[in-house]
Amino acid sequence: SNNDQIGRIFGSSDFNGTHFVSFGEAQTLLYLKVSLSDFLTVFCARTRFWFFERRPGYALAVAAVVAMGSSTLFSLFWPFKDHAANAVNKHAYMGPLSDSKYGVVVTWAFCIGFFLVQDAFKVVTYYLLTLLTPEVEDRIQDRRMQAMMGQGVAALDRE
């Protein structure tokens, strides 16, 4: 059945349609989703055009790899123990997704998919704003040209 497929995706051994992940694992999946989507939004917000039209700086690229990589590893292995957890309520606290590896893959795919949708909406929105307010776009282009000329003048001054 369809519920069995969802259970297989999230790595559950309970295929009766009730719980595919524990509450603690669901919290960990949400932690991973927020960590990934928040950092991907930084790449989307850096430019008015497609995110791939401007290469990120090395510091941002390293920060992205470290932050998203560590979030993924924390989600898989969650080394933090909650002292209030006991045999009765241990599934109420965030826990590792080591039994739900496909949940991590699905979360990554979900975040990347919606990141691409978000970037497309951003490009379309800026395009529509440009059509509605061409005078503002002209001022932005003028400032951009002045900044580029200013950089050229500063380079000549250094020589």
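Is C111 buried or exposed in this structure? In this predicted model, C111 is buried, because its relative accessible area is 4%, and the limit for that label is under 20%. Another cysteine, C44, is likewise buried, with a relative accessible area of 3%. A biochemist who sees buried cysteines may wish to know how many disulfides the structure holds. A search of the whole structure finds zero disulfides, a disulfide being a covalent bond between the sulfur atoms of two cysteines.

Before turning to further residues, it helps to consider the chain as a whole. The secondary structure of the protein chain consists of five helices and zero strands, and from the N terminus on the order of its elements is α-α-α-α-α. Of the 159 residues in the protein chain, 23% are buried, while the chain exposes about 11100 Å², of which carbon and sulfur atoms supply 67%. When contacts between residues at least 6 apart in sequence are taken together, 69% of them join residues that are at least 24 apart.

Confidence should be kept in view while reading the model. The mean pLDDT of the protein chain is 78, and 73% of the residues score at least 70. Among the elements, helix α3, which covers residues 58-77, has the highest mean pLDDT at 91, whereas helix α1, which covers residues 2-9, has the lowest at 54. Where pLDDT is low, the predicted coordinates should not be read in detail.

Helix α3 offers a place to begin a residue-by-residue reading, since its mean pLDDT of 91 is the highest among the elements. A64 lies in this helix and counts as buried, because its relative accessibility is 4%. Leaving aside neighbours within four places in sequence, A64 is in contact with F39, F43 and G69. The C-alpha atoms of A64 and V42 are separated by 9.4 Å, although these residues are 22 apart along the chain.

The loop between α2 (23-45) and α3 contains R54, which counts as partly exposed because its relative accessibility is 48%. The C-alpha atom of R54 is separated by 9.6 Å from that of F43, a residue 11 places away along the chain. For another arginine, R55, the charged end sits over the ring of Y58, at 4.6 Å from the centre of that ring.

Aromatic rings form a further theme. The count of aromatic pairs comes to five. The rings of W50 and F52 have their centres 6.1 Å apart and their planes at 10°, so this pair is stacked, the cut-off for stacking being under 30 degrees. The partners differ in their cover: W50 counts as partly exposed at 31% relative accessibility, whereas F52 counts as exposed at 56%. Ring pairs also link W50 and F52 with F51 and F115 into a cluster.

Helix α4, which covers residues 101-132, includes K122. Why does K122 count as buried? K122 counts as buried because its relative accessibility is 12%, which falls below the limit of 20% for that label. Outside its neighbours within four places in sequence, K122 is in contact with C44, T47, R48, F49, W50 and F51. This list returns the reader to residues already met: C44 is the buried cysteine with a relative accessible area of 3%, and W50 and F51 belong to the ring cluster.

Methods
Residues numbered from 1 in each chain as written. Predicted model: local features only at pLDDT ≥ 70, side-chain atom pairs only at ≥ 80, totals over all residues. Heavy atoms only, no water. Disulfide = S-S within 2.5 Å. Buried < 20%, exposed > 50% of the residue type's maximum accessible area, 1.4 Å probe, protein only. Phe/Tyr/Trp six-rings, centres within 6.5 Å; stacked < 30°, edge-to-face > 60°. Lys NZ or Arg CZ within 6 Å of the ring centre and 35° of its normal. pLDDT = per-residue confidence, 0-100. Helix = DSSP H or I, 4+ residues; strand = E, 2+ residues; numbered from the N terminus. Contact = heavy atoms within 4.5 Å. Areas by Shrake-Rupley, 256 points an atom, 1.4 Å probe, with all protein chains shown as cover.
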